[in-house]
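Student: I have a model open and want to go through it by question and answer. Can we start?

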Amino acid sequence: MLSDPPAAVQVATGPDGVVAGLSAGKGYVDVSTIDPATAADVAAAVRAAGALYLEAPVSGSKGPAEQGALIFLTAGDKALFEAVSGPLGVMGKASFFLGEVGAGANMKLVVNAVMGAMMAAFAEGMSLADRLGLQQQDIIDVVALGAIASPMFALKGPAMAKARYPTAFPLKHQQKDLRLAIAEADTAAQPLAVIAAANDLYVRARQQGLGDADFSAVLEAVKGQQQQQQQQ
């Protein structure tokens, strides 16, 4: 699992990269979150060596990984998907085969774009509740009992209320995924007004030095906007 497209390409095709050791009868499974074009480039290099390729980005962060509860979003060579179903089953609670190379990357970007926008909206809601004199824990409890209940809100909310952001999924990676999703949407001529606005908050949070904090630290960017407005 690598951090971004350049890292994925370097590890696969760079000097002494994985592809150099591949041949017929071997396969390469990449669980990095990358864009479809990068996945296609790596797949082409792997297949040129005679091997099989499977992109397999995951939905889930540190906790699900430790619990063997990841969700694998795979695409590429189905024979390799079937061959590694055992190991994937140990590490994850579900594995989806989505078709041709690029489908796995697209699915992961869609999922993470929605997740990033949800967290940004939750952060704004918590901040608004605070400004209106409501208790943070009350908003967490009310949300948990309604139609917008989310395991993510229940997990992250209590720490956010204390301005604590222990890293499970780094904010810089969430922002990277939003950036990649927006780029893919632009290629598809698909407006993403809400997701683009959320990305702006994550960019602001990175500018505040929070890239290595958990992505829930986007709340600090919301607070920063409030402080700027108060000073005007």
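Student: Which residue with a positive phi follows α6?

Tutor: This is a predicted model, so read every value as computed from it. Past the end of α6 comes a residue whose phi is positive, near 85°. That residue is glycine 133.

Student: What distance separates the end C-alpha atoms of α6, and why is that expected?

Tutor: Helix α6 has 29 residues. The expected span is 1.5 Å times one less than the number of residues. For α6 that gives 42 Å, so the model agrees with expectation: the end C-alpha atoms are apart by 42 Å.

Student: Aspartate 130 lies in helix α6. Why does aspartate 130 count as it does, buried, partly exposed or exposed?

Tutor: Buried means under 20% relative accessible area, and exposed means over 50%. Aspartate 130 has 49% relative accessibility, so its class is partly exposed.

Student: What separates the C-alpha atoms of aspartate 130 and glutamine 226?

Tutor: Along the chain the two are 96 residues apart. In space, their C-alpha atoms are separated by 12 Å.

Student: Glutamine 226 takes us to α11. Which helices do the buried residues of α11 pack against?

Tutor: Helix α11 covers residues 218-231. Its buried residues are Val218, Leu219, Ala221, Val222, Gly224 and Gln226. They pack against α6, α8, α9 and α10.

Student: How far does α11 reach from its first C-alpha to its last?

Tutor: Helix α11 has 14 residues. At 1.5 Å a residue, 20 Å is expected. The model comes close to that, with a reach of 21 Å.

Student: Now the strands. Which side chains of β1 point to the buried face?

Tutor: Strand β1 runs over residues 27-30, and its side chains alternate. Gly27 and Val29 point to one face and are not buried. The other face has the buried pair, Tyr28 and Asp30.

Student: Which residue of β2 stands opposite glycine 27?

Tutor: β1 pairs with β2, residues 52-55, in the parallel sense. The pairing has four bridges. Opposite glycine 27 stands leucine 52.

Student: Step back to the whole protein. What share of its residues is buried?

Tutor: The protein has eleven helices and five strands. Its C-alpha trace spans about 65 × 35 × 30 Å along the principal axes. Of its 232 residues, the buried share is 41%.

Student: How far apart are the centres of the positive and negative side chains?

Tutor: There are 16 positive side chains and 21 negative ones. The centres of the two sets lie apart by 6 Å.

Terms used: Residues are numbered from 1 along each chain as its sequence is written. This is a predicted model: local features need pLDDT of at least 70, side-chain atom pairs count only at pLDDT 80 or more; totals for chains, interfaces and linings use all residues. Side-chain values use heavy atoms; hydrogens and water are left out. Helices (H or I, at least four residues) and strands (E, at least two) are DSSP runs, numbered from the N terminus. Buried means under 20% relative accessible area, exposed over 50%, partly exposed in between (1.4 Å probe, protein chains only). Contact means heavy atoms within 4.5 Å. Lys and Arg count as positive and Asp and Glu as negative; His and the chain ends are not counted. The place of a charge is taken as NZ of Lys, CZ of Arg, CG of Asp or CD of Glu. Two strands pair if DSSP finds at least two bridges between them.
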